[in-house]
Structures are given as structure tokens and as C-alpha cells.
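Visitor: I am new to this structure. Please pick a single part of it and give me a close look, along with whatever lies around that part.

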There are 2 protein chains.
Amino acid sequence: VIEIHPVRGLPALRPGDDLAAILRAAAGLRDGDVLVVAQKAVSKVEGREVSLAGVEPRPEAVEIAGADADPRVVEIVLREARRIVRRRGSLVIAETRHGFICAAAGVDRSNASGADRAILLPEDPDASAARLRAALGSDVAVVISDSFGRPFRQGITGVAVGCAGLEPLISHIGLPDDRGRPFEATVVHVADELAAAADLVIGPSGGVPAAVIRGYRWQPGAVGAADTVMPPERDLFS
Amino acid sequence: VIEIHPVRGLPALRPGDDLAAILRAAAGLRDGDVLVVAQKAVSKVEGREVSLAGVEPRPEAVEIAGADADPRVVEIVLREARRIVRRRGSLVIAETRHGFICAAAGVDRSNASGADRAILLPEDPDASAARLRAALGSDVAVVISDSFGRPFRQGITGVAVGCAGLEPLISHIGLPDDRGRPFEATVVHVADELAAAADLVIGPSGGVPAAVIRGYRWQPGAVGAADTVMPPERDLFS
């Protein structure tokens, strides 16, 4: 049995806060757990929340924003984006510095600590996960999650934007199926599945910024979430 | 707390088997649970496993198969596909009759009941889920899951190809975030998140064909998984 425990009761997070200490106190971690932390919690303590005041949108940002978006937010999206992959009106699907392809390059105003503020993805979520893991002091795996939309399917789902301690991709290639036939191509992104599972308790409202997943036997590994981006030679869609 | 229980000990499934009775006996369902069933279990009892013997590949199937795929499997993929969305060598990303965009139109040889056989998606997985739900006799939601690859990210994750009883898409638009600011665009595909969570215990090997998710408060609804496909006017990628 796998259990998903919400982590509640965290204080409002500020830049420089010791998130590991806060989570250690709130989460009741045990060796073998997976701690899934919402990206926004990590970004807040890392100072990756920005004020829109004083942001000067470039002409392109004004044009993209049109009548229904804030050109200052679009300006921040353009600063965060390595490239724009698709656009429909003010909806920008962009590739981030990490290689993730997602709406608004991961920039979001929800759950920001003030009306005129926006939260960006951590600079290096895999490094953030590794630092958290080291500071937690238990043998836990850490996943930093966000919610991304997907091509072809409506709605967002939890995905791993950072991870540490566990192998995010589990290959079954060559292993036998139920009838002994070896799998030809099956690689499962378990870090994304853990992030999606955790999102069932984390939700978008911000009140539950983390979850503990207990009973999932993760495989130790040193690969980050950024390493699981589709490489260009296998990318058929961007 | 949400619990994910693997459902084990099912017999080998054959066309015409009473899957609801088999699952009812094995799963220990309680009102409020979500029962996630692997698509292959449903397809097997619905006779959606086919023999490759006697399949005559059309010239296009032979050409696509090339040296590294079985042209008979490609022929079946072409029969299942409404259209080919992308192709790289023998890898075909196709739109299925249901509107899903996935590798090989959902056709897979893994866990088939013989070497020269392949499993297709159910004809109408939402109807399959509704029939299962009605026959289970408890107030459970049913999700039929498969594992799909995704653009931009390596690896496959569990997704809902069918559902019944629950609302697959939960909209937070207009609801307040942590600071009272209304969400502008947040809709969560919880059926996909439930399928991904269940996949942590179902896995690809076939030995665990279903999972019970307990403690997740799903919202009753009558929308199917096929209804959650991205509509053409919002599809930026296919």
C-alpha cells in the first residue's frame, strides 16, 4: 500500500527561510519516504518571487498581452523563456532555461504573496531538491512538483520539475512481461507519477504545499528532472 | 490521507469474463473508492486482443515497419488510427477513434496472452468504465488507465482512457488561491492524476491489473475521458 499524506500547517514562506527545517518539523518524515514539495514553496524561499512594479514591458510583451493579459507578466515570461514554442493570443508556451516546455515559462501569479507579484520556477530545481534532501537528514527522495498542461489533453497535472535521490525514469526494456515476453520500449517516468499522485492532496490552492508519499519503493539514482526532458533528436512536437 | 492499494491475484482474463465480478471479489471495494483498472484487463475481457496470424499488411504498413517492426502490428495500428499525427521510423504517433493521441494508436504486444498477439484499446473505454461501475454495485468511481508517452518529456505515465462516476476535470477558475486571488485558468485533470498514482502500483508487468485509491474525495460527474481530449481549436501541437 502506498500512502499520500498532505503536509499542512506551514507558515507563510519568505526568502531565506529554512524550508528543510520547516518541512522536517511539519512532515513527520521516515526513511524511504518521498517528499513532494510544490515548486512555489521552493521558489518563495529562494527569492524567486518578483514584484511587477517597475517592470518595463518590451513592445513584444505589450503586443502578446493584448487586451486580456498584463504586459508586465508577459515581459517576465519572455525573460524566463529560452524560446517561444507556440502562442495563441496571450497564451505563450515556452521552453524554460531548464528545457521544460510549459505555459508562461512556468511564471504564475497564483499563490504569490501579494497582488502585484509573480512566482518563477527555481533557477535549478534539481539542485534545490538535492539541497533539501541533504538538509532533511533522512533517507528520503525529494521531488519538486509543478502542474503543467499537456498537448492533446485538457487540464493540468502534477509533474516533477526537480528531483533528488531517486531515479526518475525506470526502464523495463528487456525485462519480462506477464508472459515472459521482454519489453521493447517501456520506460516509466515515476517522478512525474509521484508528482501527479501528490497533486491529489497538494492541489492548486496553496494550503497544502507538500506531500509525503510512503510505501513506494523508489530506486536510488542521481538523475535530475531536467535530464528527463525529451532530447531534440526524439522531439517530434516542439 | 490517500491510500493506493494494489489489486492482485486475478486469474488470466479471457473474452467474455465477468471482470466486475472478478474485481469485486479481489479488490475489497468500499463506497467512495476509486477503482483504477488497467486498459489491458478491460480489453482482454472485451475481446480486444487480436492474433497477428493472417493479418495482411498493406504496402504502407510494410514501409513504416522497415527492418525493426512487425508489419502486421503496423497494419493493426493503421486500422486503429483515425490519422497519423507524427512518425519517426516505425514509431507512429496516431490519433485513435476516441481522439487520444498516443504511440501506435494504443496497440501493444506487452502482456498479450500469446506471442503472436496484440492488445487494442477498448472500443469505448468510457462505456466500459460505466458498465463496470454499474456492475460493481458500490458507490465507486472507475478509471480505466493506460500509459502514454508525452511530447517534451521522456517516459510514459498513467493516463485515464476511460472514466465513470467522477468528474475528470476539476476547475478552480474563479475560486480563491491562498491569498484570495481568483484562479484565472486552473483546471486539473484529476482522472489522469488518479491513473498516474495507480500506475505506481500497477506498473507495466501485468501482475497488478488494478488498484484501489481510497481517501480521495472525487466529485461526481458524467463526463468521460474522451471528452477531455483537447478540442481542435485549442490544440497547438497535433
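Guide: What follows is a walk around one cavity and some of the pieces beside it in the description. This is a predicted model, in which local features need pLDDT of at least 70 and side-chain atom pairs count only at pLDDT 80 or more, while totals for chains, interfaces and linings use all residues. Residues are numbered from 1 along each chain as its sequence is written, chains are lettered from A and ligands numbered from 1 in the order in which they are written, and side-chain values use heavy atoms, with hydrogens and water left out.

A search of the whole structure turns up one cavity of 30 Å³ or more. Here a cavity is a set of points on a 1 Å grid over the protein atoms alone where a 1.4 Å probe fits but cannot get out, and lining residues have an atom within 4 Å of a point. The largest cavity holds about 300 Å³ of space, a volume being the space filled by probe spheres set on the points, which are joined across faces, edges and corners. Its lining has 25 residues, and those closest to the centre are A:Arg150, A:Thr157, B:Arg150, B:Thr157 and B:Val159.

Both chains help to build this lining. At least two residues each come from β8 (141-150), β9 (153-166) and α6 (190-202) of chain A, and likewise from β8 (141-150), β9 (153-166) and α6 (190-202) of chain B. These elements are DSSP runs numbered from the N terminus: helices are H or I with at least four residues, strands are E with at least two. By residue type, the lining has 12 nonpolar, six polar and seven charged members (Ala, Val, Leu, Ile, Met, Phe, Trp, Tyr, Cys and Pro are nonpolar; Asp, Glu, Lys and Arg are charged; the others, Gly among them, are polar).

How do the two chains sit together? A turn of 180° with a shift of 0.0 Å along the axis lays chain A on chain B with an RMSD of 0.0 Å, so the copies are related as by a two-fold rotation axis. The fit is by least squares on the C-alpha atoms of residues with pLDDT of at least 70 in both. The copies meet through the same surface, because 100% of the interface residues of chain A are also interface residues in chain B.

Now look at α6(A), one of the lining elements. All 13 of its 13 residues are buried, that is, under 20% relative accessible area with a 1.4 Å probe, protein chains only. Its 13 residues should span 18 Å at 1.5 Å a residue, and its end C-alpha atoms are indeed 18 Å apart; the expected span is 1.5 Å times one less than the number of residues. Just after this helix, A:Gly203 takes a positive phi of about 60°.

In chain B, B:Phe152 lies in the loop between β8 and β9. B:Phe152 is buried at 8% relative accessibility, and its phi is near 75°, a positive value in a residue other than glycine.

Finally, two residues reach across the chains. B:Met230, in the segment after β13 (220-221) of chain B, is buried at 15% relative accessibility. Leaving aside neighbours within four places in sequence, B:Met230 is in contact (heavy atoms within 4.5 Å) with A:Arg150, A:Phe152, A:Arg153, A:Gln154 and B:Asp235. A:Thr186, in the loop between β10 (169-171) and β11 (187-189) of chain A, is buried too, at 13%. Not counting residues up to four places away in sequence, A:Thr186 touches several residues, including A:Ile170, B:Ile156 and B:Pro204.

Methods:
1 Å grid on protein atoms, 1.4 Å probe; cavity = no way out; pocket = protein on both sides within 12 Å on 5 of 7 lines; lining within 4 Å. Buried < 20%, exposed > 50% of the residue type's maximum accessible area, 1.4 Å probe, protein only.
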